[in-house]
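Here is a relaxed walk through one protein model, starting with a single residue and working outwards. Have the picture open while you read.

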Amino acid sequence: IGDAGVAVPVRDAAALARGWQQLLALSADERRELGRRARERMCTEFTIPALARRTADALESVAQGRSAK
């Protein structure tokens, strides 16, 4: 997530509450900027070409691991 949000551990309600507290403590301008960065990340990291590339890389990695056995 980097500077585009708050990450918390899975199934950790206390950490989730702390994350919400962090977000609620932000000013309106800080929230707007966080939203801008999150949108920018989504538009660059989760495009169809980017997802296709990562999927192809993962499949190639699996195929290479199997052929090495």
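Let's settle one word before anything else: a contact means heavy atoms within 4.5 Å. What does arginine 41 touch, not counting residues up to four places away in sequence? Its contacts under that condition are Ile1, Ala4 and Phe46. The model you are looking at is predicted, so local features need pLDDT of at least 70 and side-chain atom pairs count only at pLDDT 80 or more, while totals for chains, interfaces and linings use all residues. Residues are numbered from 1 along each chain as its sequence is written, and side-chain values use heavy atoms, with hydrogens and water left out.

**The overall picture**

Helices here are DSSP runs (H or I, at least four residues), as are strands (E, at least two), and both are numbered from the N terminus. By that reckoning the protein chain has three helices and zero strands, giving the pattern α-α-α along the sequence. The radius of gyration of the protein chain is 18 Å, well over the 11 Å that the globule rule gives for 69 residues, so the chain is more spread out than a compact globule. That radius is taken over C-alpha atoms, and the globule rule is 2.2 Å times the number of residues to the power 0.38. Along the principal axes, the C-alpha atoms of the protein chain fill a box of roughly 55 × 30 × 15 Å.

How much of the chain is tucked away? Buried means under 20% relative accessible area, exposed means over 50%, and partly exposed is in between (1.4 Å probe, protein chains only). Of the 69 residues of the protein chain, 7% count as buried. The protein chain exposes about 5,800 Å², with carbon and sulfur atoms supplying 59% of that area. These areas come from the Shrake-Rupley method with a 1.4 Å probe, and for residues only the protein chains shown count as cover.

**Around phenylalanine 46**

Back to arginine 41, which is found in helix α2 (residues 28-45). It counts as partly exposed because its relative accessibility is 32%. Arginine 41 and glycine 2 are 39 residues apart in sequence, yet 9.6 Å apart in space, C-alpha to C-alpha.

One of the contacts of arginine 41 is Phe46, whose place is in the loop between α2 and α3. With a relative accessible area of 38%, phenylalanine 46 is partly exposed. Leaving out residues up to four places away in sequence, phenylalanine 46 touches Arg41, Leu51 and Arg54. Leucine 51 lies in helix α3 (residues 48-67) and is partly exposed at 37% relative accessibility. With the same sequence neighbours left out, leucine 51 touches Glu45 and Phe46.

What sits over the ring of phenylalanine 46? The charged end of arginine 54 does, 5.6 Å from the ring's centre. To qualify, NZ of Lys or CZ of Arg must be within 6 Å of the ring centre and within 35 degrees of the ring normal.

**Charged partners**

Side chains of opposite charge can pair when their charged atoms come close. A salt bridge is a side-chain nitrogen of Lys or Arg within 4 Å of a carboxyl oxygen of Asp or Glu, and the structure holds six salt bridges. Here are some of them, including one that involves aspartate 3.

| Salt bridge | Closest N and O atoms |
|---|---|
| Aspartate 3 – arginine 37 | 3.6 Å |
| Arginine 32 – aspartate 29 | 2.7 Å |
| Arginine 37 – glutamate 33 | 3.5 Å |

The pair of aspartate 3 and arginine 37 links distant parts of the chain: aspartate 3 is in the segment before α1 (13-24) and arginine 37 is in helix α2, 34 residues apart. Aspartate 3 is exposed, with a relative accessible area of 51%, whereas arginine 37 is partly exposed at 24%.

Arginine 32 and aspartate 29 both lie in helix α2, three residues apart, or about one turn of the helix, and both are exposed. Arginine 37 and glutamate 33 are also separated by about one helical turn, because they are four residues apart in helix α2. Glutamate 33 counts as partly exposed at 30% relative accessibility. Salt bridges that share partners join Asp3, Glu33, Arg36, Arg37 and Glu40 into one network.

**One last stop**

Arginine 11 has a positive phi of about 55 degrees although it is not a glycine. Its place is in the segment before α1, and arginine 11 counts as exposed at 83% relative accessibility.
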